[in-house]
Amino acid sequence: KKEEKPAPTEEQLLNEIKVPEGFKAKIFVAPPQVGYPVGLCVAPNGDVYIASDENGSLGASAKRGKIYRCVDSDRDGRADKID
């Protein structure tokens, strides 16, 4: 039986991100809500669309891709609605 790895903590995720001097990274949405992001787009209204490849680097199974719409409806800098 394959043991599931726990999702990384916010601190672990931020430690992996490099940004230019003067910028600060924040977590908007993270696993398990959205995993394996491969692209994103921000709409004029602020909604963020994230393309996800659930195959990761492990294969090429059909129909494993998904596009998520992430909304920060309370404007706190974090997605609170993901569909």
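**Group meeting: buried and exposed residues in a predicted model**

V19 is partly exposed, with a relative accessible area of 40%, and I would like to start from that residue, bearing in mind throughout that what we have here is a predicted model. V19 sits in the loop between α1 and β1, and together with I17 and F23 it makes up a nonpolar surface patch of about 290 Å².

Staying in that part of the chain, let me turn to E21, which is likewise placed in the loop between α1, residues 10-15, and β1, residues 37-42. With a relative accessibility of 83%, E21 counts as exposed. How far apart in space are E21 and Q33, given that 12 residues separate them in sequence? From C-alpha to C-alpha, the separation of E21 and Q33 is 29 Å.

Now to the strands, and to S52 in particular, which belongs to strand β2, spanning residues 48-53. S52 is buried, its relative accessible area being 4%, and a polar atom of its side chain lies 2.5 Å from the backbone oxygen of G35. If we set aside the neighbours within four places in sequence, the residues in contact with S52 are G35, Y36, P37 and V38 on the one hand, and R64, G65, K66 and Y68 on the other. G35 therefore appears twice for S52, as a contact and as the residue whose backbone oxygen lies 2.5 Å from the polar side-chain atom, a distance that falls within the 3.5 Å used for a polar contact.

Next comes D47, in the loop between β1 and β2. Is D47 buried or exposed? At 8% relative accessibility, D47 counts as buried, and its side chain makes a polar contact of 3.3 Å with the side chain of R69. Not counting residues up to four places away in sequence, D47 touches C41, V42, R69, C70 and V71.

That list includes two cysteines, C41 and C70, which brings me to my last point, namely that the structure holds 0 disulfides. Why is C41 not bonded to C70? The closest cysteine sulfur to that of C41 is the one in C70, and because it is 12 Å away, it is too far for a bond; the cut-off for a disulfide is 2.5 Å between the sulfur atoms. Seen from the other side, C70 is in no disulfide either, its nearest cysteine sulfur being that of C41. As for their surroundings, C41 is partly exposed, with a relative accessible area of 48%, whereas C70 is buried, at 0%.

Technical notes:
Residues numbered from 1 in each chain as written. Predicted model: local features only at pLDDT ≥ 70, side-chain atom pairs only at ≥ 80, totals over all residues. Heavy atoms only, no water. Buried < 20%, exposed > 50% of the residue type's maximum accessible area, 1.4 Å probe, protein only. Helix = DSSP H or I, 4+ residues; strand = E, 2+ residues; numbered from the N terminus. Polar contact = N/O pair within 3.5 Å; in protein donor to acceptor, adjacent residues only side chain to side chain. Contact = heavy atoms within 4.5 Å. Patch = residues over 30% accessible without salt bridge, like charges linked within 9 Å, V, L, I, M, F, W, Y side chains within 5 Å. Areas by Shrake-Rupley, 256 points an atom, 1.4 Å probe, with all protein chains shown as cover. Salt bridge = Lys/Arg side-chain N within 4 Å of Asp/Glu carboxyl O.
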